[in-house]
Amino acid sequence: IWLFGALSALLLAACSSPKPGTPEFAQKQEAEQQKTAVKNVESAISKTPTWYAQPPQDANAIYTTGTEASPDMQMAMDMAVLSAKRALAFQLGARTSAMMKDFAGQTGTAGDAEVSREIDRVTKSVAADINLAGFTREKSEIIAEGKNYRAFALLRYPIGESNKVVADQVKRSKVLDTRLRASKAFQDLEQEIEAARKR
């Protein structure tokens, strides 16, 4: 009787499982893959360093983060740093553009077509001249992610470095130098640079 009951349970289990090749079997496999994917994402989020999602805030520096995965540990870290550097370049470009428009607005020449063209030119020059070599890698972390390594990197870039490049480019532009030098924002910038040199 025991053997008959065990055999019946096996037959019922076999009947309840969809046969390979059927639409039901494909649906079951897809549902299992989705469950696994959700578990992997939840696991990755729980292992993510807090500084990655919430980089430090500092009036004197820009912080950016990057993350990448690779089967090679060093490659994962190199790619994570490169990703953070791309984010840093984007932030510095946006900061420079906003700074230049602020200068022009304070001098009352923001609507001047010649000044607008010169601002665009100087902003592009600044973006090209900003040397990201001034960054430091503040933190990094590597975790296992399936068969890969996932690396996280936190970069810090002192704002004073980009300020110097902005000021130098403005001085090189005869159009902007005479018009922006009188602005309070530009005077503040030069004071920041001077203070940074004394540190």
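Here is a short tour of a sheet, a helix and two nonpolar cores in this predicted model.

**Stop 1: the sheet.** Start by selecting β1 (61–70) and β2 (136–145), then add β3 (residues 148–158). You're looking at an open sheet of three strands, ordered β1-β3-β2, with antiparallel pairing. Since β1 and β2 are at the edges and have a single partner strand each, one side of each has no neighbour in the sheet. Going from one strand to the next, the twist averages 15 degrees.

**Stop 2: one pairing up close.** Keep β2 and β3 on screen: nine bridges link them in the antiparallel sense. To see one of these, pick Ile143 and look across to Arg150 in β3, its bridge partner.

**Stop 3: the helix on the sheet.** Now bring in α6, which packs on the sheet and touches β1 and β3. Its direction makes about 55 degrees with that of β3. Select residues 159–172 to get this helix: 14 residues, reaching 20 Å from first C-alpha to last, close to the 20 Å expected. Which residues of α6 are buried? Color Ile159, Gly160, Ser162, Asn163, Val165, Val166, Ala167, Gln169 and Val170 to find out, as these are the buried ones.

**Stop 4: the cores.** Show the side chains of Met99, Met100, Phe103, Ala104, Ile119, Val166, Ala167, Val170, Leu176 and Leu189, the ten residues of the largest nonpolar core. The elements giving two or more residues to this core are α4 (73–107) and α6, and α4 gives the most, with four. Finish at a second, separate core of eight residues, among them Ala76, Met77, Ala153 and Leu155.

Conventions. Residues numbered from 1 in each chain as written. Predicted model: local features only at pLDDT ≥ 70, side-chain atom pairs only at ≥ 80, totals over all residues. Heavy atoms only, no water. Expected span 1.5 Å × (residues − 1). Buried < 20%, exposed > 50% of the residue type's maximum accessible area, 1.4 Å probe, protein only. Core = buried A, V, L, I, M, F, W, Y, C linked by side-chain atoms within 4.5 Å. Pairing = 2+ DSSP bridges. Axes fitted to C-alpha atoms, helices over the stretch in contact; angles between N-to-C directions. Contact = heavy atoms within 4.5 Å.
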